[in-house]
Amino acid sequence: MVATKTKPPADWSLTHGPIGGAVNGFLALAALGAAAHAVDIDAWLPAAGTAVSAVGSILHSLDRGAHTPTLLYRLCCALSAGSWLTYTAATTPWTSGAFYALGLGALAAGVLAPWFRIKEPATGAGRTVRAAVVPRRVAQVAADWEQRILAVTRVRVEITDVRTWDSKAGYTLTGLLPLDGTTRQILAGASDQLAAAARLPDGCGVEVAKGPHRGSFVMHVMTVNRLTEDVDWHGDLSARDIHDPAWLGEHRDSSPMTVPLREESVILIGQKGSGKTTLLHGLIWESARCFNGLTAVIDVNGGSLAQPWLHPWLEGETARPAIDWVAADLDEALEMTRILVEMAIDRKTSYRHLKVQHNLSLLPLSADLPSYQLLVDEGGELMSTTSRDPIKNEIRDNIEELLRIGRDAGFNTIISALRAVQDMVSPDVVKQSKVKIGMYCDDEAELAYLFGWNKGADPDELAGPGTGFYRVPGSTVRPFKGGNLRHGDIARAAVTIANNRPDLDAAGIAVGGDFYRDRLQRMRETFSGKAQVALPTQRPRAPQPPAPAEQPTPPARAGGPQLTVLRGGAASWPDPSEIAAAAAAGPVFAGDYDLGTGQGETLTAEQVHDAAPVPELLIQALDVIGEDRRIHSVALARALRLEQAELADLLGALGVRTLPNPFERGGERLRGYERQHLQDAAEAIRRGELQVPPEVADWPAA
Ligand SMILES: Nc1ncnc2c1ncn2[C@@H]1O[C@H](COP(=O)(O)OP(=O)(O)OP(=O)(O)O)[C@@H](O)[C@H]1O
């Protein structure tokens, strides 16, 4: 393709431009010559005027920074015009020769003018005079930042625009880098220092991103920590195109945080309680609702990630599961990864004609030829480079091969691991996964393993579970808050997705053979193998007042007969008749299930063992809150001798979350918990509607 260059149109205006200038010059000199002749002035007057205009032309040219040829051109024009005027004053302008000479001179001056124009001082492409762009009220902000950037980085930038965010949580600066080859990476590497120099509040920071061209930059300055606020999950279940970016949350200026999934593999690192699982559910949602996308999950820790997505299918509500294939053990994972690699290789030949037909370099994906996203949860165990388990090693090799060869065929991986360390995820996997996400983590070295040092991933900027940093190709590292996707939302999504999602293409099914065809049967056996434990139908009694602070062990429940959680083996349990007799006599065990008086189902020993009392954590938490309606997380964590993240983890496991907005207590506005939510959780446990996870039941550890 030939690039076309557009010429500016000829300037015919009489006030400026080469044509107008020549015509003006001709007419003006002719008029002057005629007037001088009419009043019969002495020739020395135009001669003196010529000398003055020659000197003036030199001075003006020098003042405007004109080059020597331009200066000489302007001098020639002045001298020629003056000479013509002097000559006609001394003789007469009314001869054809005089007018021809004037006309030729004007024509020559006009034709040569474009080559000798005085150039405006170089302002560079897109360079704008700030005062013209930045409104006066923000000009001070721009000037301050120019000074600050100079002081911190020794780079002299020019801020050309300041835009306040709609959320009022900060502003975005657009600026120009100097012409000495400085890149925006220098600013990105100094974002921590810039945030400190700007005295931004804790949790707030500076992000440097691409500007309109390579010599520019955009700097997001956060002045209010929006990452502390909850972001609702979008809940959109309409069919998505895998080629479009997937929404996972928001940046701190409330703009959407999206990641590409068609060509890019994802690495997601997050410690326990960081919000990794929530984000993985988000990734499943966004991959599985594609009209041209399928999802598979490997979770060799029992497949808990996939369970809520399989639930409607297991319950018979849908004909097929929302997730196409789930491997909950090593054997299934091994076969699955082998087959996926074969499918990806096969697509290169089976569908080569489609690329030719559509004249595309990438396989055109559609509902008939869907992409396949393989999500590996807690991949650290499988992706570990130090494992000696041959099965794990083969699975890892297969996943790495898929990572290498799968892009064109639409086979991508989403690998999640607990930690960003070499033992858990090899540098090669980190490098090849172009979308990198690091959830809330206080270890800067781990974030650096993922993103590199001095790339702006400062843990101080994050605000607990659900927040993290991410980078997509061609962009800088940015903090974000993930959308808070809850299990209730998944149940609804699993039905819609299961009903609407595509099936694997015929060639893929042929490659998968019987093992692929029988996967649903094996998944059903795996996930519905265990008999579900029935909970007592009898309603337990209302919660009792919390134990006094100086008495950490929960008080015995007043009232009717109760059962207790029995630890240890069945051999160590008392005789059930003894329990029943003791229960009938009054309160016997602390924190127990109330079966009423002789009514309700008979519980098996296993059911008794599984039933959970209101955990110590809730009892103590309610005690600490007392009569108040709310409590700051920091105060509650301190009273319970927990880290805030641990408290969030434990209460989160019971479905109790901090309130979305900060509130005031003791003169401070912070986020925290609502007493009613804790009471609701206690009620749900008593009613048998909420299972107490072991980490909560075991708290506080002895
Ligand atoms: N996007 C979010 N917004 C608000 N809170 C969140 C978000 N993601 C997670 N959380 C909170 O953090 C808690 C832990 O989240 P999640 O289970 O996703 O973390 P995890 O890293 O997978 O931990 P675990 O391995 O223990 O399950 C949740 O109970 C929830 O309260």
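User: How many helices and strands does the secondary structure of the chain come to?
Analyst: Keep in mind that we're looking at a predicted model. Both kinds of element turn up in the chain. The tally is 26 helices and 21 strands.

User: What share of the chain's residues count as buried?
Analyst: A residue is called buried here if 20 or more other C-beta atoms lie within 10 Å of its own. The chain has 702 residues to go through. The share that counts as buried is 38%.

User: And how much of the contacts with a separation of 6 or more comes from residues 24 or more positions apart?
Analyst: Take the contacts in the chain with a separation of 6 or more as the whole. Residues 24 or more positions apart then account for 71%.

User: Which residues does the UniProt annotation "transmembrane region" cover?
Analyst: That label comes from an unreviewed UniProt entry. In the model, residues 71–91 are 95% helix and 0% strand, with end C-alpha atoms 30 Å apart. Residues 97–116 are 80% helix and 0% strand, and their end C-alpha atoms are 28 Å apart. The full annotation covers residues 12–35, 71–91 and 97–116.

User: Which residues are closest to the ligand?
Analyst: There are 17 residues around the ligand. By class, this shell has two nonpolar, ten polar and five charged residues. The closest are Gly-275, Thr-277, Pro-465, Gly-466 and Gly-652.

User: Which domains each give at least three residues to that shell?
Analyst: Start with the elements: helix 9 (276–288), strand 15 (478–484) and helix 24 (644–653) each supply at least two residues of the shell. At the domain level, at least three residues come from each of domain 3 (247–528) and domain 4 (562–697).

Methods:
Residues are numbered from 1 along each chain as its sequence is written. This is a predicted model: local features need pLDDT of at least 70, side-chain atom pairs count only at pLDDT 80 or more; totals for chains, interfaces and linings use all residues. A residue is near a molecule or strand if its C-beta atom, placed from the backbone, lies within 6 Å of it. Helices (H or I, at least four residues) and strands (E, at least two) are DSSP runs, numbered from the N terminus. Ala, Val, Leu, Ile, Met, Phe, Trp, Tyr, Cys and Pro count as nonpolar, Asp, Glu, Lys and Arg as charged, and the others, Gly among them, as polar. Domain bounds come from an automatic or database domain assignment. A residue is buried if 20 or more other C-beta atoms lie within 10 Å of its own, exposed if 12 or fewer, and partly exposed in between; C-beta atoms are placed from the backbone. Two residues are in contact if their C-beta atoms, placed from the backbone, lie within 7 Å. UniProt positions are given in the numbering used here, feature names are shortened, and annotations may be inferred rather than shown by experiment.
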